[in-house]
Amino acid sequence: MYKCTGYVFPESMEEAYKLNQKKSNKIIAGGGWLKLGSRQYATLIDLSRLGLDEIYEDEECFKIGAMVSLRQLETHEGLNLYTQGAIKESLKHIVGVQFRNSATIGGSIYGRFGFSDVLTMLMALDGFAGLYKGGSVPLEDFAKMKYDRDILSAVTIRKQKNIKTVYSSFRNQSTDFPVLACAMSLSEGKIRTALGARPARAEVITAELPTDIDRFANETANSFAYGGNMRASAEYRRHIAYVLIKRNAEILAGGKAYGD
């Protein structure tokens, strides 16, 4: 369990940013993963009073505030309609409803965890990280960035016409971290494939809609690097990647909504 000597609710993003420049301070977000550690912090910074806990939708995009809970994301009608249920599928295995009610999108994305279902899903949707000082950064670039003291304020998903999306993962147990996670989207003849839990951070490959799905799955799976850990070997992950990519591509190429 972590410890701290101070706890503050900043009144502005600028105040939060200045507080966060001190290395002994920490933004708490939902605190879901933070509580697993045993570090001593000087001050925990709580962003919950800065109006970052809403999902805004207009004709062009979805803007998801950093303090939006994973449960809010999971149950949002607009996002689930837009992704044909893939958003809900990507979140439903993350621990349990109680955890998803407190864990935030900001903590999940800023952490850039190798096992992150959330990062994998939003990268396939061509999402953007909104940084207080760094501006808007594509998630695929943000995932490769080194950690700094900037603050993630929101994630934006720009709407694409006639998009089809699908998400699948392989787990040893239903609420365990994924052995491998695969999210794909199809729009205007282009397929974006995001592969996470390799066990490294998710990465994205974009390609034309294939005519030979088996070949596409094999070539795409071979384009990613894999590693081994207690959950699976690199070779096993490579095989699972081929299976998930092929299944997802078949759904997208067939024009089916997720779950059909």
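Okay, so let's start with something that isn't there: the structure holds 0 disulfides, where a disulfide is a pair of cysteine sulfur atoms within 2.5 Å. Cysteines do turn up, though. Cys61 counts as buried at 17% relative accessibility, and Cys182 is buried too, with a relative accessible area of 0%. By buried I mean under 20% relative accessible area, with exposed being over 50% and partly exposed in between, using a 1.4 Å probe and protein chains only.

Quick housekeeping. This is a predicted model, so local features need pLDDT of at least 70 and side-chain atom pairs count only at pLDDT 80 or more, while totals for chains, interfaces and linings use all residues. Residues are numbered from 1 along each chain as its sequence is written, and side-chain values use heavy atoms, with hydrogens and water left out.

Now, the sheets. Helices (H or I, at least four residues) and strands (E, at least two) are DSSP runs, numbered from the N terminus. Strands of a sheet pair through backbone hydrogen bonds, either parallel or antiparallel. Here, two strands pair if DSSP finds at least two bridges between them.

Take the parallel one. It is an open sheet of 3 strands in the order E1-E3-E2. At the edges sit strand E1 (3–8) and strand E2 (26–27), each pairing on one side only. E1 is joined to strand E3 (residues 40–45) by 5 bridges, and the two run parallel. If you want one pair to find on screen, Lys3 has Gln40 as its bridge partner in E3.

What lies across E1, E2 and E3? That's helix H1 (residues 13–20), running at about 170 degrees to E3. Axes are lines fitted to C-alpha atoms, for helices over the stretch in contact, and angles run from 0 to 180 degrees between N-to-C directions. Contact, by the way, means heavy atoms within 4.5 Å.

H1 has Met13, Ala16, Tyr17 and Asn20 as its buried residues. Looking down the axis of H1, those buried residues fall within an arc of 100 degrees, so they line one face of the helix. That arc is the one made by the directions from the helix axis to the C-beta atoms. Among what covers them are E2, E3 and strand E8 (152–158).

On to the antiparallel sheet, which is also open: 4 strands in the order E9-E10-E11-E12. Its edge strands are strand E9 (164–170) and strand E12 (203–208), and each pairs on one side only. From one strand to the next, the twist averages 15 degrees. E9 and strand E10 (residues 180–187) pair over 7 bridges in the antiparallel sense. For example, Ser168 has Cys182 as its bridge partner in E10, so to speak our cysteine from earlier.

Two helices pack on this sheet. H7 touches E9, E10, strand E11 (190–196) and E12, with its direction at about 20 degrees to that of E10. Helix H10 (residues 234–253) touches E9, E10 and E11, and its direction makes about 30 degrees with that of E10.

Let's stay with E10 for a moment. How many of its residues are buried? The count is 8 of 8. Leu180, Cys182, Met184 and Leu186 point one way, and Ala181, Ala183, Ser185 and Ser187 point the other way. On its other side, E10 is joined to E11 by 7 bridges, running antiparallel. E10 and E11 form a hairpin with 2 residues between them, and Glu188 in the turn has a positive phi of about 55 degrees.Next, the cores. In soluble globular proteins, nonpolar side chains tend to be buried together. A nonpolar core here is a set of buried Ala, Val, Leu, Ile, Met, Phe, Trp, Tyr and Cys residues joined through side-chain atoms within 4.5 Å. The largest one has 39 residues, and those with the most contacts inside it are Leu73, Ile105, Ile109, Val118 and Leu122. H7 supplies the largest share of this core, 6 residues. There is a second, separate core of 18 residues, including Cys182, Met184, Ala221 and Leu252.

Last stop, Leu125. You'll find Leu125 in the loop between helix H7 (117–124) and strand E6 (127–131). Is Leu125 buried or exposed? Leu125 is buried, at a relative accessible area of 0%. Leaving aside neighbours within four places in sequence, the contacts of Leu125 include Tyr82, Ile157 and Thr165.
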